[in-house]
Amino acid sequence: MNYRTRDKLSSLAFLLPALLLLVVFRYGSLVFTSVISFFDFNMLSESRFIGFANYLRAAEYDRFWWSLAHVARYAVEYIAGGLILGLILALLLEAKARFLVLFQTLYFLPLVLSVAVVAWVFRLLLAEMQIGILNDPRWAMEGVVLMSLWHNLGYFILIYIAGLSSVDPVLYEVAQIDGANYLRRAWHITVPLLRPVILFLSITGLIGAFQLFGIILVLSPYGESAGGPEGALEVPLLLIYRQTFEYQKMGYGAALSLILFVIILLITLIQGKFGRLARGVT
Amino acid sequence: MDARFHRWQRTTYRTLLYLTIVSVAVVMAFPVYWMYLTSFKTDEAISAAEPVWLSVDPNHYTFGHYKAVLGQAMTTGDDFLTATFNSTVYTILATGGTLLISAMAAYVLAKKRFRGDMLVLYGIIATMMIPAPVVMIPTFWIVVDLMRGYDTFGGLIVPGLTNAAGIFLLRQYMLSIPDDLLDAAKIDGCGDIRIFLTLILPLSAPILAALGILSLMGHWNALIWPLILTKDLTLLPVAMLNLREIGSQSFGPVMVGAVLTATPMILAFLVARRYFIRGLTSGAIKM
């Protein structure tokens with residue numbers, strides 16, 4: 001065996017574990033999800049091809065479409081909140097505050113917690129302050145937005161700060177000489193230059209928001225299955241989880257998760273287009 | 001700050017700035033403080049009409065919840081001592097495996113040229129577009145039916161060992177390792193394994209630390225996959241979830257569980273803060 005062949009073989013051996021896992025658990029699984037969405041599939045009995053039946057059922061599954069509305073509302077509030085609060089706090093932290101490291105540490109601290117911890121601590125706090133927001137079907141989702149914002153605000157701030165550090169300080173000096181005050185500089189220089197950062201945060205935020213699930217599970221009142229008061233906290237993944245693992249309708253669950261996937265993909269593409277257009281104009 | 005600002009304006013501005021920064025810091029820290037405090041409070045102090053939050057009266061505090069949670073199995077088998085052990089084993093194995101497998105792939109992708117190398121790289125990156133829930137059902141089927149991995153560490157760990165973002169992160173970093181160094185090692189007769197272990201891994205230490213801390217937190221905090229795959233092999237977040245059964249009647253033991261789940265990650269964050277930040281930001285900036 002010559003040197004080149006040996007080199008090729010060892011390269012392959014180094015790549016193999018990662019490739020194998022990705023091919024099986026990502027690509028293979030994606031194909032598998034698509035295939036079983038056309039089957040009456042569960043792990044207990046023989047599966048049966050049923051064509052588009054799962055999708056037709058999904059089309060009439062009102063609670064699923066409502067759950068999409070719920071996460072859409074969550075996504076808008078959570079992303080808007082994160083983008084605005086994150087920007088303000090990043091700008092404030094950037095304004096050369098002393099004890100920067102201390103404040104950064106405190107701001108980023110919630111990021112390292114499990115959603116199970118976040119949900120429980122907020123249940124405790126809300127119970128002690130006698131705020132019944134989670135039991136009110138009209139406002140329960142805002143309670144979840146609040147928790148998620150507390151949990152992830154640090155991420156928004158972190159990414160903004162990273163983006164801010166790439167803004168050329170000369171631009172500010174020029175604007176200052178031209179007599180632009182702090183707010184005008186922030187609005188006319190910082191925000192436009194941060195557009196890629198804002199786009200990135202809103203896309204990743206959106207993808208995450210549509211997969212909201214963990215917090216909802218922990219928030220459900222004990223003994224009952226999740227979903228919040230009058231189903232106000234029913235989210236797509238909760239329904240998919242129920243159909244798949246509680247009712248054993250895996251083919252149906254697969255169809256629902258593919259619908260969710262396509263919706264996320266479409267919104268991401270539209271966002272990307274929109275973001276690029278906005279960039280092209282300026 | 002404008003030079004035109006008068007002194008009092010500047011002072012007001014500074015004060016407002018600090019006031020905002022400090023009050024937000026308090027908001028961010030308070031729930032964590034509350035979690036720790038409540039875990040030590042007696043049931044009476046927890047349910048007191050006037051919340052106990054700065055009291056130094058020893059009658060308000062107790063180790064009782066810790067004794068109860070750590071001393072005996074609670075309802076539905078949520079033994080937190082076992083769960084802590086399980087979480088530790090799972091997290092260490094999964095993080096170590098992720099780092100090793102990602103670093104091996106990244107080494108080849110950064111330092112070797114072969115036909116289709118870019119195709120492989122793009123193929124890996126593209127998997128980031130597939131959200132985990134979409135592949136959850138087949139993953140479950142593969143692990144349970146084909147691997148016989150239900151309720152086992154192996155089943156928990158294996159599907160999570162792939163991290164496309166991690167491979168990419170490592171690969172970008174390894175590109176900066178000079179080829180001359182590797183060539184010199186090759187001339188000295190080093191094979192790929194020696195080069196990988198003695199040159200690539202040590203030189204990539206900072207980025208391995210960054211990926212390691214993110215992977216550590218991701219695995220330790222994971223809730224959904226362990227929930228689906230396990231029955232008796234309880235990890236901490238699942239144990240927290242199972243506490244719904246006793247939940248609001250007694251927050252004390254629940255907060256002990258929260259403390260056990262949160263503290264190792266808070267410590268890891270404080271120790272490796274720099275790497276944590278680096279990991280989170282480099283993934284984003286490269287976009």
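This report walks through a predicted model with chains A and B.

**Chain A as a whole**

Start with the secondary structure. Chain A holds twelve helices and two strands. Read from the N terminus, its elements run α-β-β-α-α-α-α-α-α-α-α-α-α-α. The radius of gyration of chain A is 24 Å, and the globule rule gives 19 Å for 282 residues, so chain A is more spread out than a compact globule. Along the principal axes, the C-alpha atoms of chain A fill a box of roughly 75 × 75 × 40 Å.

How much of chain A counts as buried? The share is 39% of its 282 residues. Contacts in chain A can also be sorted by sequence separation. Take those between residues at least 6 apart in sequence: 74% of them join residues at least 24 apart.

**Where the chains meet**

Chain A brings 69 residues to the contact, and chain B brings 71 residues. Which element gives the most to the side of chain A that touches chain B? Helix H1 of chain A, residues 3–36, does, with 16 residues. By class, this side of chain A has 51 nonpolar, 15 polar and three charged residues.

**Two domains in chain B**

Chain B splits into domain 1 (7–62) and domain 2 (75–285). Their C-alpha centres lie 34 Å apart. The two domains of chain B do touch: seven residues of domain 1 are in contact with eight residues of domain 2. On the domain 1 side, helix H1 (7–39) and helix H2 (43–47) of chain B each supply at least two residues. H1(B) has the largest share there, with four residues. This side of domain 1 of chain B has three nonpolar, two polar and two charged residues.

**Two residues with positive phi**

One loop of chain B deserves a look. It runs between helix H6 (136–146) and helix H7 (153–157), and Arg148(B) lies in it. Asp151(B) also lies in the loop between H6 and H7 of chain B. Arg148(B) is not a glycine, yet its phi is positive. Asp151(B), not a glycine either, has a positive phi too. The table lists their values.

| Residue | Phi | C-beta neighbours within 10 Å |
|---|---|---|
| Arg148(B) | about 50 degrees | 10 |
| Asp151(B) | about 65 degrees | 13 |

Are these residues buried or exposed? Arg148(B) counts as exposed because it has 10 C-beta neighbours inside 10 Å, and the limit for exposed is 12 or fewer. Asp151(B) has 13 other C-beta atoms within 10 Å, so Asp151(B) is partly exposed.

Technical notes: Residues are numbered from 1 along each chain as its sequence is written. Chains are lettered from A and ligands numbered from 1 in the order in which they are written. This is a predicted model: local features need pLDDT of at least 70, side-chain atom pairs count only at pLDDT 80 or more; totals for chains, interfaces and linings use all residues. Ala, Val, Leu, Ile, Met, Phe, Trp, Tyr, Cys and Pro count as nonpolar, Asp, Glu, Lys and Arg as charged, and the others, Gly among them, as polar. Domain bounds come from an automatic or database domain assignment. A residue is buried if 20 or more other C-beta atoms lie within 10 Å of its own, exposed if 12 or fewer, and partly exposed in between; C-beta atoms are placed from the backbone. The radius of gyration is taken over C-alpha atoms; the globule rule is 2.2 Å times the number of residues to the power 0.38.
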